[in-house]
Structure formats: structure tokens, C-alpha cells
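Colleague: Please give me a close description of one part of this model, the largest pocket, and then place it beside the other surface features that were computed.

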Amino acid sequence: MKKEKAKKEVKEIKTQKALVTSRILFISVLDKIYLILLGLWFLIGTITIFRGHISSLNYGFFGRVGREILFLIVLFIVYLILNWFYRCAAKTMLCLTKNEVYKEHYIPFKRSEDSIPLNKITKVTTINVFWIFRTLIIHQYHSFPLVFMTWNNQEFKDKLNELITTDSEKVENEYESRNIITKEMYKWLSYIGMALAGIIVLLGIIRFFTYMFSGERKIAGVYTYENNKVTLNKNGSCEIIGLVDHVTDCSWNYDKHDKEIILLYEYYYTSYYGRTISNSGTKTFSYDSNDKSLLVNGDKYTK
């Protein structure tokens with residue numbers, strides 16, 4: 001006789017719609033809150049990166065563009081993390097079925113289910129704080145109460161006595177699969193991206209022309225007084241010889257209003273106990289555009 005292949009019985013899992021479904025408090029506006037926070041962070045971060053005197057020699061436009069790119073990468077990673085938590089929160093639910101209280105709880109890397117039959121429930125309590133913070137507390141025999149913050153906590157409580165349980169049915173989790181940024185928003189994000197790219201290009205053009213015709217480029221050069229020398233480079237860096245010893249870093253900028261050259265520098269010195277100490281300092285020179293000289297403490301540095 002031919003051996004007959006055993007047929008596996010596939011048990012059909014039925015689904016049922018819950019009488020009342022509760023979602024986590026603020027889930028309906030959580031994506032808007034995240035978007036507002038991310039938008040504010042984007043605006044504040046971008047303005048912070050590009051603020052400053054664009055015509056200044058040490059403005060560092062391309063360095064700022066690089067920092068902006070890194071900032072956008074970090075912002076995107078933060079969005080992905082927030083979106084991950086948001087999707088978990090959107091799928092988390094508490095519902096009433098015919099004979100039980102059923103909960104699906106999602107956190108990153110984990111999904112859990114809880115089911116409380118009606119005969120195990122002793123009391124249901126609702127708490128409203130400042131009207132908007134609503135909490136549902138389900139008390140049960142020999143277990144800790146189930147606490148769930150949701151907007152329709154009163155509706156959940158009112159319909160609890162109408163539930164009927166069944167072991168042959170599975171609760172259907174009717175959640176809307178969505179992200180913080182919806183498909184409709186991608187079009188506007190592309191417009192924002194193009195606008196940002198346009199603004200950065202415009203800033204680059206402005207930076208190029210203001211840099212090329214900047215008066216600071218004419219100021220750059222070597223100024224000497226006896227054995228002292230101050231070198232102002234066109235890239236915004238500088239060198240000091242004689243005025244300050246052991247200078248490790250130096251930058252300069254021009255105050256057009258007061259007609260002053262301001263030097264910011266880092267230097268080090270050796271203490272009485274032989275310890276090397278780093279410090280920073282500032283020197284301000286008056287600039288005479290007529291004879292192209294720097295003046296400080298009565299000493300005149302000529303170009």
C-alpha cells in the first residue's frame with residue numbers, strides 16, 4: 001500500500017474587533033510634537049552654524065557647510081530613533097473584548113501581551129489630572145494593577161461590564177501604520193531641502209564676493225616695530241613675534257566701527273614649579289588706513 005502523506009491541520013485564527021480600543025495618551029499629537037522639536041532644532045542649529053560676519057576672513061564658509069552636513073546626519077539619526085519609539089507607541093494598545101482586557105505593549109526589540117479575564121478584575125479606577133492627563137487603573141486579584149494612560153479612560157471603564165471572553169478568537173489590533181513624517185510631508189521636505197541648498201549656495205556666493213572685495217584683505221600683511229612683528233594673513237590667522245612669547249595659535253579680525261584690529265591668541269608659559277600652563281589672550285591695535293599702520297601703547301607698527 002502506498003503511504004499516504006499526513007496532512008497538517010492548520011488552525012484558522014479568527015480576529016475580532018474590540019468594543020473599545022485605547023491608545024497611549026498624546027499618541028495623536030506625538031508626531032506633531034516631535035516634528036516641532038526637530039524643526040526648532042534644525043532652525044536653531046543651522047542659524048548657529050552660519051551666523052557671524054560672512055565677510056570676515058576667518059568666517060570659514062566651507063567648514064560651516066561641513067558642520068551643517070554633519071548636523072543634518074545627526075538630526076536624521078535622531079529622527080530615526082524618535083520614529084522607532086513613535087511606531088512602537090502607535091502599536092501599543094489596551095482594549096476590551098467580550099470577556100477580557102487585552103493589552104499589546106511594544107518597546108524597541110520587544111513585544112508583550114497581557115490578558116486579564118473579567119473574573120480576575122476587582123475594580124477599575126480612572127484618574128484625571130488637570131483634565132488632560134488621564135489614567136486608567138485596572139485592579140486584579142493577586143497581581144499588581146494595570147496602569148494605562150489614555151484619553152478615553154472613562155469610556156473604557158463604562159463598557160467593562162459588557163465584555164465576554166472567548167478562547168478561540170484573537171484580538172485584532174487595528175492600528176494605523178504610520179511614521180512621524182507622512183508621505184504627504186515628503187513633498188514639503190523636498191521643498192525645504194531645495195530651499196536650504198539654495199540658501200547655502202546663496203551664502204557661498206555672498207561669501208565669495210564679500211571675501212574678494214573685503215577691506216580686510218588689504219589690511220593683511222606684515223607690520224613691524226623695532227624687533228616686534230605682527231603678521232596678519234588673508235585666511236584670518238596671524239603670527240606674533242616679540243609681543244607675546246610661546247604663541248601656539250592666533251586669529252584676527254577687523255572692527256570697522258572702531259577701526260581696530262583684534263588679535264585672539266593662545267600661548268603657554270612655565271610656572272614657578274616648572275609646570276607648563278596654557279592660556280589665552282587678546283590684543284587690540286588701532287588701525288590707520290592712511291599710512292597703513294597699527295598702533296598699540298604708543299608703539300607704531302608699519303607695513
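Modeller: Helices are DSSP runs of H or I with at least four residues, strands are runs of E with at least two, and both are numbered from the N terminus. A residue counts as lining a pocket when it has an atom within 4 Å of one of the pocket's grid points. The model is predicted.

The largest pocket has a volume of about 570 Å³. Its lining comprises 16 residues, of which Phe42, Leu75, Ile181, Leu189 and Ile192 are the closest to the centre. Three helices each supply at least two lining residues: H1 (27–50), H2 (61–91) and H4 (183–212). The greatest contribution is that of H4, with seven residues. Sorted by class, this lining holds 14 nonpolar and two polar residues, and no charged ones.

The second largest pocket encloses about 200 Å³. Its lining includes Gly52, His53, Tyr59, Arg64, Glu216, Asp255 and Lys256. Strand S13 (residues 247–255) provides the largest share of that lining, three residues. The classes here are two nonpolar, six polar and four charged residues.

Helix H1, which contributes to the lining of the largest pocket, also gives the most to a nonpolar patch on the surface, with three residues. The patch is formed by Phe26, Val29, Ile33, Leu37, Ile127, Val129, Phe130, Phe133 and Met149, which together have about 790 Å² of accessible area. H1 and strand S6 (121–129) are the elements that give two or more residues to the patch. Phe26 belongs to the loop between strand S2 (20–23) and H1. Phe26 counts as partly exposed because its relative accessibility is 31%.

Charged contacts complete the description, with a count of four salt bridges. Glu104, Arg111 and Glu113 are linked in a network of such bridges. Within this network, the Glu104–Arg111 pair has an N to O distance of 3.5 Å, and the Glu113–Arg111 pair has one of 2.5 Å. Glu104 is classed as buried because its relative accessibility is 3%, under the 20% limit. Arg111, by contrast, is partly exposed, at 39% relative accessible area, and Glu113 is partly exposed at 41%. A further salt bridge joins the side chains of Asp291 and Lys300, at 2.7 Å from N to O. Asp291 is partly exposed, with a relative accessible area of 36%, and Lys300 is likewise partly exposed, at 40% relative accessibility.

Note on methods:
Residues are numbered from 1 along each chain as its sequence is written. This is a predicted model: local features need pLDDT of at least 70, side-chain atom pairs count only at pLDDT 80 or more; totals for chains, interfaces and linings use all residues. Side-chain values use heavy atoms; hydrogens and water are left out. On a 1 Å grid over the protein atoms alone, a cavity is a set of points where a 1.4 Å probe fits but cannot get out, and a pocket is an open set with protein on both sides within 12 Å along at least five of seven lines; lining residues have an atom within 4 Å of a point. Grid points are joined across faces, edges and corners, and a volume is the space filled by probe spheres set on the points. Ala, Val, Leu, Ile, Met, Phe, Trp, Tyr, Cys and Pro count as nonpolar, Asp, Glu, Lys and Arg as charged, and the others, Gly among them, as polar. Patches are made of residues with over 30% relative accessible area and no salt bridge: like charges are joined within 9 Å, nonpolar side chains (Val, Leu, Ile, Met, Phe, Trp, Tyr) within 5 Å. Accessible areas come from the Shrake-Rupley method with a 1.4 Å probe; for residues, only the protein chains shown count as cover. Buried means under 20% relative accessible area, exposed over 50%, partly exposed in between (1.4 Å probe, protein chains only).
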